[in-house]
Amino acid sequence: MHHTPDQKTASHVSIESASFVSFETIQLEILREYESVPVQIEQNGRPIDYLVEHQHVTESGRIEQILRLNEPIALEMMYTVFHPGQKTMVIIPREVVRSEEFERRFSYDGPLGVSFAPNGIEVVVWSPVALSMWITIHDDTNHREIERFRMNRGSRGEWNGEVPKEFEGMLYRLEVKTPVDTRQVVDPYARAVSLNGEYGVLSDVAQFVREQVERVSRPPLWKATDAVIYELHIRDFTSHPSSKSQLKGLYGGVTEQGVRTKGDHSAGLDYLKELGVTHVQLLPVHDFGSVDEATRMPYNWGYDPIHWFSLEGSYASRPDVPMSRVFEYATLVSDLHQAGLRVVTDVVMNHIYIREQSPLEALVPYYYFRYEHDGTVANGTGVGNDTASERYMMRRMIVDFVTYFATTYQVDGFRFDLMGIHDVETMNQVRAALDKIDPSILVYGEGWDLATPLGQSLKATSQNAAQMPRVGHFNDMIRDALKGSTFNDRERGFISGNEWREWELRECLTGAVHIPNVTVGRFPSPTYSINYAEAHDNYTIFDKLKLSCEEIDEATRLAMQRLANAVVITSQGIPFIHAGQEFGRTKQGVENSYNSPDHINHFDWDLRDMRVNEIEYVKTLLKLRRLHTCFRYDSRQEVIDHFTFLPSPPGVIIYELTAGHSYDAWQRVRVYVNGTFENLSFTSDAKWNVYVQGETASLVPLVRNPENIQVKSLSMTILAC
């Protein structure tokens, strides 16, 4: 008797579950009353032989059987199981796709996605478990299917399809049939997508960018610690009511030139250039969910990835024209390069927006995501799923993504969201692949230790930093030392008078490296330490201070903010500044503003006008950092040789730096960090010049050869000679 998977010969179900646990064995769970009735297994409708290898009663009272087949399964075929007269069940290769043998047989290194030849278009998709696959071509106005092309299976589970050249620029999807279901999905390697990512586009994105956008060489970066990273959300930068941008909320608004504020100060690209940062890190630009691209509503940061290789349309002037977003993002990168600024892409590949709707889950069910021992989907990310970077093709996708953006769009850095979800080997392969393109490309991320089922030694966490050469880590120790615990709204940090945080701050001022008998150390060199006190996540410094220092006036809070900025900029390592942090950005007390409206998240250009002095302070500190080598050591040995802590009273840190080169105008530097509410005075022991004191930072001495060094409360003083 021939059975089809959906055939119902009876309403009663005798088999609760069926899955392949290896290429030769099947695990069944059957109702107890059927334990004496042999099941029948069919391969594409033909009976096949097996042996019952093991049987036992489960806790639920059902019978679990392990069946061994006479021959290994062929994944391109459909396997079904049934009791005579009962409903047929498809056997799912759930555990098989996560086995080492599956990786050995089907890991694939050939082309993926769309490629173009003079005579046609080739589409390659990886899906070893697919039973059939088609490319469907759709009309770009009403989206009806106008043509379809059968794909052929290769030896490593790759499917190849040819589309005539005449369909170039058209919309396409993949129709894939697996043992789980039949679905139409977007190619996960699609480089361009239609409105809201509903269809892939048969366009040669790399060639389009080469022909349409002027390529500008990357601005020079001699070493990682020369970098100063500025984190910016595309929409926030121009969404404020006072913004005079003609491209509000769009890619082009980031690099608009000649824009002024109400107070006639610089805005747009001119502001970024004047500030003195080197890298602009943009919040996610890959195609993400939760925002309707047609209406650009509601607001969202974009940590809801759908298509990694394609760009988000809500930032494009014409989201309904697929190549608009490509042109405008590529132009943004080129314009920033022209302005002397590098670009960092936020890589959100630790999860997918909705796993059940993902093309990855449709093409190879149960492969791309991580699972707990009980079979539930891992959720270390806290958003429903964790991608399994340790699997060959997921790891390959991550490496393919960064190399694609580094070459096609000439991106200069990659910030990995929740990097601790990924594994050490993946991050090392990312670093190695980018080194072949340009070793100056930055790689760094959030090395948090998250509850994902991966061995501790395998996780790409800060604890394992030494196992990932030249991969940076956000230093949460300096963040919490400065402003107090992120998880305790009321706790104060060093900048707000908490002397107990002093030892942690001392650790971080050195780049968190080990100095014998001085610091414990966290990282192998300062290049690993991304120093920050504020980012898009959690409270801004200013908002945190309003909670932890309720009784303190605004002027004092700004002094605390200024001190935090000064420490971040002058510490060894790589400074990271959240857009607006330089003038005390507020999000009106909202801690997690990922979906808050514009009036919470916008970059406040009126506040930029009001707090010009705060901005000038940061600009000058960044110039001093750039001018003097002592703030930019890039090895642990340099820190050991040139960094010395001096005796100091509680709540005050004093240290000296010496120049790494003889040509530096500052051969000896002393820094006072005063976290107390007292103005202090120290006897001068050399012919010092004072460059930073209180609210002022200067490129020329503020005071020459003073008898006493004045260090104001909640401030930094910098001397040089």
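The following exercises, each with a worked solution, concern a predicted model.

**Exercise 1. The nonpolar cores**

Determine which residues have the most contacts inside the largest nonpolar core, and which helix gives the most to this core.

*Solution.*
Step 1. The largest nonpolar core comprises 185 residues. Tyr 329, Tyr 409 and Phe 414 are the residues with the most contacts inside it.
Step 2. Helix 6, which spans residues 392-408, gives the most to this core, contributing 10 residues.
Step 3. The surroundings of Phe 414 may then be examined. Leaving aside residues up to four places away in sequence, Phe 414 touches a set that includes Phe 401, Val 402, Phe 405 and Ala 406. Also among the residues that Phe 414 touches are Val 344, Thr 345 and Val 347, as well as Leu 434, Ile 441, Leu 442, Val 443 and Tyr 444.
Step 4. A second, separate core has 16 residues, among them Leu 221, Leu 418, Ile 530 and Phe 576.
As a general matter, nonpolar side chains tend to be buried together in soluble globular proteins.

**Exercise 2. A salt bridge between buried residues**

Identify the salt-bridge partner of Asp 412 and state where the two residues lie in the chain.

*Solution.*
Step 1. The whole structure contains 42 salt bridges according to the search.
Step 2. In one of these, Asp 412 is paired with Arg 218, and the closest N and O atoms are 2.8 Å apart.
Step 3. This pair links distant parts of the chain, with the two positions 194 residues apart in numbering. Asp 412 belongs to the loop between helix 6 and strand 23 (413-416), whereas Arg 218 belongs to the loop between helix 2 (205-212) and strand 18 (229-232).
Step 4. Both Asp 412 and Arg 218 are buried.

**Exercise 3. Accessibility at a second bridge**

Classify Glu 551 and Arg 492 as buried, partly exposed or exposed.

*Solution.*
Step 1. Glu 551 and Arg 492 form a salt bridge whose closest N and O atoms are 2.5 Å apart.
Step 2. Glu 551 is found in the loop between helix 10 (541-548) and helix 11 (554-570), and Arg 492 in the loop between helix 8 (476-483) and helix 9 (502-509). The two are 59 residues apart.
Step 3. Glu 551 has a relative accessible area of 60% and is therefore exposed, the cut-off being over 50%.
Step 4. Arg 492, at 23%, is partly exposed.
Step 5. Elsewhere, salt bridges with shared partners connect Asp 346, Arg 415, Asp 417 and Glu 446 in one network.

**Exercise 4. Two residues of helix 14**

Compare Leu 627 with Thr 620: is each buried or exposed?

*Solution.*
Step 1. Helix 14 covers residues 612-627 and contains Leu 627; Thr 620 also lies in helix 14.
Step 2. The relative accessible area of Leu 627 is 52%, so this residue is exposed.
Step 3. Thr 620 counts as buried because its relative accessibility is 12%, and the cut-off for buried is under 20%.
Step 4. Leu 627 forms a nonpolar surface patch with Leu 699 and Val 700, with about 280 Å² of accessible area together.
Step 5. Thr 620 touches Leu 699 as well as Ala 697 and Ser 698, residues up to four places away in sequence not being counted.

**Exercise 5. A hairpin**

State in which sense strand 11 and strand 12 pair, and which residue is the bridge partner of Ile 137.

*Solution.*
Step 1. Strand 11 (residues 132-138) pairs with strand 12 (residues 145-150) in the antiparallel sense, over five bridges.
Step 2. Ile 137 has Glu 147 in strand 12 as its bridge partner.
Step 3. The hairpin has six residues between the strands, and His 143 in this hairpin adopts a positive phi near 65°.

Notes: Residues are numbered from 1 along each chain as its sequence is written. This is a predicted model: local features need pLDDT of at least 70, side-chain atom pairs count only at pLDDT 80 or more; totals for chains, interfaces and linings use all residues. Side-chain values use heavy atoms; hydrogens and water are left out. A nonpolar core is a set of buried Ala, Val, Leu, Ile, Met, Phe, Trp, Tyr and Cys residues joined through side-chain atoms within 4.5 Å. Buried means under 20% relative accessible area, exposed over 50%, partly exposed in between (1.4 Å probe, protein chains only). Helices (H or I, at least four residues) and strands (E, at least two) are DSSP runs, numbered from the N terminus. Contact means heavy atoms within 4.5 Å. A salt bridge is a side-chain nitrogen of Lys or Arg within 4 Å of a carboxyl oxygen of Asp or Glu. Patches are made of residues with over 30% relative accessible area and no salt bridge: like charges are joined within 9 Å, nonpolar side chains (Val, Leu, Ile, Met, Phe, Trp, Tyr) within 5 Å. Accessible areas come from the Shrake-Rupley method with a 1.4 Å probe; for residues, only the protein chains shown count as cover. Two strands pair if DSSP finds at least two bridges between them.
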